[in-house]
Structures are given as C-alpha cells and as structure tokens.
Amino acid sequence: MTPAKLILSACLLGLAGCSAVEKPPAVEAAAPTTATVPAPPPITPAPADRRTEYADALFSTFTSERPGLAVLVTQDGKPVYERYFGMADLEHSVRVTELSRFHVASVSKQFTAYAAALLAAEGKLDMDADIRTYLPDMPDFGKPVTTRMLLNHTSGIRDQWALFILAGYDFQDFLKQSAALSFARNQRELNFEPGSTYEYSNGGYSVAATVVEKVSGQSLRRFLEERVFGPLGMTDTFVYDDAGEIVRNRAMSYTAGATPRLSRLNYNNYGATSLHSTPRDLAKWAQELIEPRLLNASAIAMLKQRGRLNDGTQLTYALGVGLNPSAGRPAVSHGGSDAGYRAQFSVFPEDKASVVVLSNGTADTGMLAERLAGIFLANGTGDMSPGDASPPPPADKLAPLVGHYAPEHGPGLELRLQGDVLMAYHAGIPAQLSFRNDGRFYVGNPPGNPPNWIRLAPDGGALLRGRGEGTVETLRRFVPVTPAAADLRPLVGAYHSDEADITYRLTLDGSTLRLSSVRTAPIGLTAMDKDRFAAPAMFGSVLRIVRNRAGKPTGFRISMMGGRLRNVLFERVD
C-alpha cells in the first residue's frame, strides 16, 4: 500500500488530523515524506534574529523544478515572512509567484458561512429556520434541518464525495454542482437526527450555498465578489463555479512522488470548496477576522461562535472555521485538500497574526503552518498535543488493549502486542503508538490541529477516541469471524439503492464475498461478524446485512468514510 493509502486509512479512522480532507481521490498521491519535506526544527519560538533562518529551513527541499508552495506570515497586518517555491505549471515552466492562484479546497467554507451570516445579520435569513423555508424541494426528514446545522456540520446531510463514490462515479468524470444537490434532494434518510452529532459534510455546504443564492437572488460567486472580495481588494480571489473557465495565473494540481503527475480537478461545485485565492488576498480576509473594519462585525462574530449539539455539547467547530489552538495559541483556522491541492489558513486573534500555506503538490500544509506559528509567535508554547510524552507502558499494562475495535460506521483497527511494543493495524498496515502521561495515546505522532487521541474505556470493552471537534467516539471491541462459503452463499445477489441510483452485486469468489457494480470493479469484503463486512478499499466502507424475521437477507446498509455517509439502504432486487 502506498504512503498515500496509509494516510487515507488513518483519515478514515480518525487517527490523524484529517477533518479537512474533502475529496477522497485527493489522497491517491503520496503525501510528502522526509524526501520531500525536511524534518523541521523544534516548534518552540525561534530567537527573534533567527526566525527567518528557522522558517527557511522548513522549505529547503522545495526545489524550483517541483510543484510549489506559497507561504505568508503576517503580524499587525504586515508581512513578516513571505516565500514562493517551485512551479505553478510544470508543463509550461511557470513558477509560483505572489500572483499564483491556488484552489484552497475547504478553506472556502468560511466564505460560504460568512455569506449566510451576513444575510442573517441583515435580517434576510433565519439561521435556525428549516431550510425548506428557502428550499421547498428539499426532503422533509421529520425534524427541521437548519442553515446553522449545515454550517456546523450537524445537519445529518450526507457527504457529497461519499455519495459520488457510492454512485460509481470516477473522479475524472465531470462532477457538477447540480449532481451534488440532486444527491441531497434524493436523500431518503439523514445520517443522524439533526443537531445530535457532529459529522463533517461537504454536501451540507453545497446546500448552504444554495440557501445563500435563493435568499440573496445572486450566485454565491457574485454575492461574495460584491460583499467581500471587492470591499477588501481581494482582486485575485473568486469562486470557481465554471469548470470551462480560463483562469489566469492558476497553479495546476499535481501528485507528489519522484515524478509528479497531474491530479486534475474536474468539477464546478462550490460552497464546500472551489475558492481560488492567493496568500496576500487571504491575509486581507484574516485581518477582518481579527478586527472587522470593512465587513459586517456582527456577521464576523457569528462566524466564530462555537456550534452546539442538542444535548448542549459544545463543539470546537464554528461556522466554516475551527477553533482549535495551534502552536499553543488560540486560533481560528481551517485546512483544505482536493486533488493535489493542500491549504492551511490560520488566524491568531490575540497575536494579531495569520499564517497561510498553499500547495499544489500535496505538501503537508497543516504541519508547515503549525511550525511557522511556533517560530514567529513569540509567546507560543509550541506544544502540539495535550499532555506530555511518556515512555510506553510495560507489556503487562498494554496487554488489555490487544484486540479488534470498530466504530459504528467504520472498519476500525486491530491492536497487537509485538514483544513489548503495541502496534495498530488497519488493512494490514502497521503503525506504532505514542503515549502521553494522561493515559491517552496516538497512532503515530500526535497530530497538532485538531488532536485526535485514543484511550481505553473504563470498562475495558471499548476504546474512546477524541475527534478534535469536542466530541468523543466509541470503538467497540469485537471478535472477527471467518464464515464458510456456505454461510455466504445466501448473500449472493443484486441490491439497489434509489438514493444513490445504482445496483450492486454481491458475488462469491471461493470463500471471499465481493461487491461490484457496472461502474465499480469487484471489491473484496472482510467479515467482521456474522452480518457485518468491512471494505477498507472502498474508502472505509462497512456493510451490514438486513434480514427479515425469517432470517432471509433482504438488503444491506452501507456506511463510508468514517461516518460521513451512514446506513444507505440497498434493497435486494433478485
């Protein structure tokens, strides 16, 4: 398995800080390794006279003939560090400059959220009204879904990328905004009761963009041009809503690796993604988040209000931005990932500072931004994770952790004790654990923003995982089974989903159950228990067999991408 697939596995399991990963094919490229990104110096703040030296060391291997990076650190509205590395267009030997426009992926979400907040501040949009007030063609799910829920990722609307995958789309196909909205309108059930759970949903943001357009009477692109980009002088920023449009100074999208390859974006959907911008333009927006001067202060304040679940649980996600600390400092931030693009946008209100890192070659922009914040923010502690590192516990203390665990909507992981070392395995890929004095542990090194920790539940029968948005997920222990071919044979047949508008077949290859469609090559399934099967190769899918009272299989429900899509029903049709 490639390093990229390992990272995908970790993202799907929530074992790394991957909440900003939007479109699954973005991970088909290898993530930067030490051959691409050097091991950084300590994150603790550098001496004032050596900050530039420390920062430059982060980028020493970003050569002029590789996909590039655009980097800007500001404080008090002025640049304190600005660098441009590598190529914006390898085919035409165009270098990255201050004019290069990058697709910033999920960093786009805060602009969709601001548009909605601005309409609310002007009394034109009720953030807590049922979205069917504005979009009457959306389904009635029995309980209201609100615009605020869409923007907090608590609506239950399924993720559009998961639905595209489930419906058999290839990501080289042209993926239209109209198709993403059709998925939302065709949704038969929500992932969960509105407001009860946090689950990142790009589909929710596509719907939110449509609410903005309906209420404002303008396209999202035109609305933001008139109300945000124009007033702030963000002349190189726009919503890319036409895939046929010629974009001046565009940084093209590439995979990493010894020989970079094009990693195309082929869609016109927006709201969740598709903003194009530059570090200098984003720094102007950052200043408004620190101290609004040209934009609506009430809407800016609304943007930074933490979401809440129905039970009162407070999230660290607000409206299109996360409020997790970065480099030990309070921050307002978001990352993004689409195809070969990576983006990190972080604002530090108490320091009146911002960090923007944009890549067109799958660089780890989150890590780079974290390091830059540690270098340039003089008061930063530089601590990237809660609790102090500790040596691994002795083997007799680790032994109770050994076993298989899975969340309700994902394939889970296995913990194995190898000598005195506890290892985590997913899809056969091993990763070592790191431990903290507070009893928590991490798969690999602890991510910085947001921190995703794991610990053993008090009863010993499950793992608890902090997901970084103020919520905790349970991974229950289970004992895997190996069903005989005779037990699997009754499952063979055709199954159709009206919601995804596709038919899948379950076939038996020896003693291996396989899932396929006319648009999807056969995927091997692994039994977790009698009626639950994992398909890690299908973006972390889990199938649960549905039976009638007589025990006959009548369908299955599928979940994907760690819960971004949950329990879509496929009914048996043969």
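These legends walk through several close-up views of the structure shown above.

The model is predicted, so local features need pLDDT of at least 70 and side-chain atom pairs count only at pLDDT 80 or more, while totals for chains, interfaces and linings use all residues. Residues are numbered from 1 along each chain as its sequence is written, and side-chain values use heavy atoms, with hydrogens and water left out.

**View 1. The whole protein holds 13 helices and 28 strands.** Helices (H or I, at least four residues) and strands (E, at least two) are DSSP runs, numbered from the N terminus. Of the 574 residues in the protein, 57% are buried. Here, buried means under 20% relative accessible area, exposed means over 50%, and partly exposed lies in between, using a 1.4 Å probe and protein chains only. Contact means heavy atoms within 4.5 Å. Among contacts with a separation of 6 or more, 61% are between residues 24 or more positions apart.

**View 2. The largest nonpolar core has 72 residues.** A nonpolar core is a set of buried Ala, Val, Leu, Ile, Met, Phe, Trp, Tyr and Cys residues joined through side-chain atoms within 4.5 Å. Phe-111, Tyr-114, Val-228, Trp-285 and Phe-345 have the most contacts inside this core. Helix H3 (residues 109-121) gives the most to it, with nine residues. Look for Trp-285: not counting residues up to four places away in sequence, its contacts include Gln-110, Leu-232, Met-234, Leu-295, Ile-300 and Leu-303. A second, separate core has 38 residues, including Trp-161, Phe-171, Ile-502 and Ile-558. In soluble globular proteins, nonpolar side chains tend to be buried together.

**View 3. Ala-121 in helix H3 meets a distant part of the chain.** Ala-121 is partly exposed, with a relative accessible area of 36%. Its C-alpha atom is separated by 5.9 Å from that of Ala-299, although the two residues are 178 residues apart along the chain. Leaving aside neighbours within four places in sequence, Ala-121 is in contact with Asn-296, Ser-298, Ala-299 and Met-302.

**View 4. Helices H2 and H11 pack roughly antiparallel to each other.** Two packed helices are described by the angle between their axes and the distance between the axes. The axes of H2 (residues 51-58) and H11 (residues 365-376) come within 9 Å and cross at roughly 170 degrees. Axes are lines fitted to C-alpha atoms, for helices over the stretch in contact, and angles run from 0 to 180 degrees between N-to-C directions. Angles under 35 degrees count as roughly parallel, over 145 as roughly antiparallel, 65 to 115 as roughly perpendicular and the rest as oblique. On the H2 side you will find Arg-51, Thr-52, Tyr-54, Ala-55 and Leu-58, which meet Leu-368, Arg-371, Leu-372, Ile-375 and Phe-376 in H11. By class, this contact has seven nonpolar, one polar and two charged residues. Ala, Val, Leu, Ile, Met, Phe, Trp, Tyr, Cys and Pro count as nonpolar, Asp, Glu, Lys and Arg as charged, and the others, Gly among them, as polar.

**View 5. An open sheet of five strands has the order E2-E1-E10-E9-E8, with antiparallel pairing.** Strands pair if DSSP finds at least two bridges between them. Strand E2 (78-85) and strand E8 (332-338) stand at the edges with a single partner strand each, so one side of each is left without a neighbour in the sheet. The twist averages 5 degrees from one strand to the next. Seven bridges join E9 (residues 341-348) to E10 (residues 353-359), and Ala-343 stands opposite Leu-358 in E10. H11 lies across E1 (69-75), E2, E9 and E10, running at about 150 degrees to E10.

**View 6. Strand E14 (residues 421-426) is mostly covered, with five of its six residues buried.** E14 pairs with E13 (residues 413-418) in the antiparallel sense over five bridges, and Glu-414 stands opposite Tyr-425. In the hairpin of E13 and E14, with two residues between the strands, Gly-419 takes a positive phi near 70 degrees. Four bridges join E14 to E15 (residues 429-436), and these strands also run antiparallel. Ala-424 has Ala-431 in E15 as its bridge partner. The hairpin of E14 and E15 has two residues between the strands, and Ala-427 in the turn has a positive phi of about 55 degrees.
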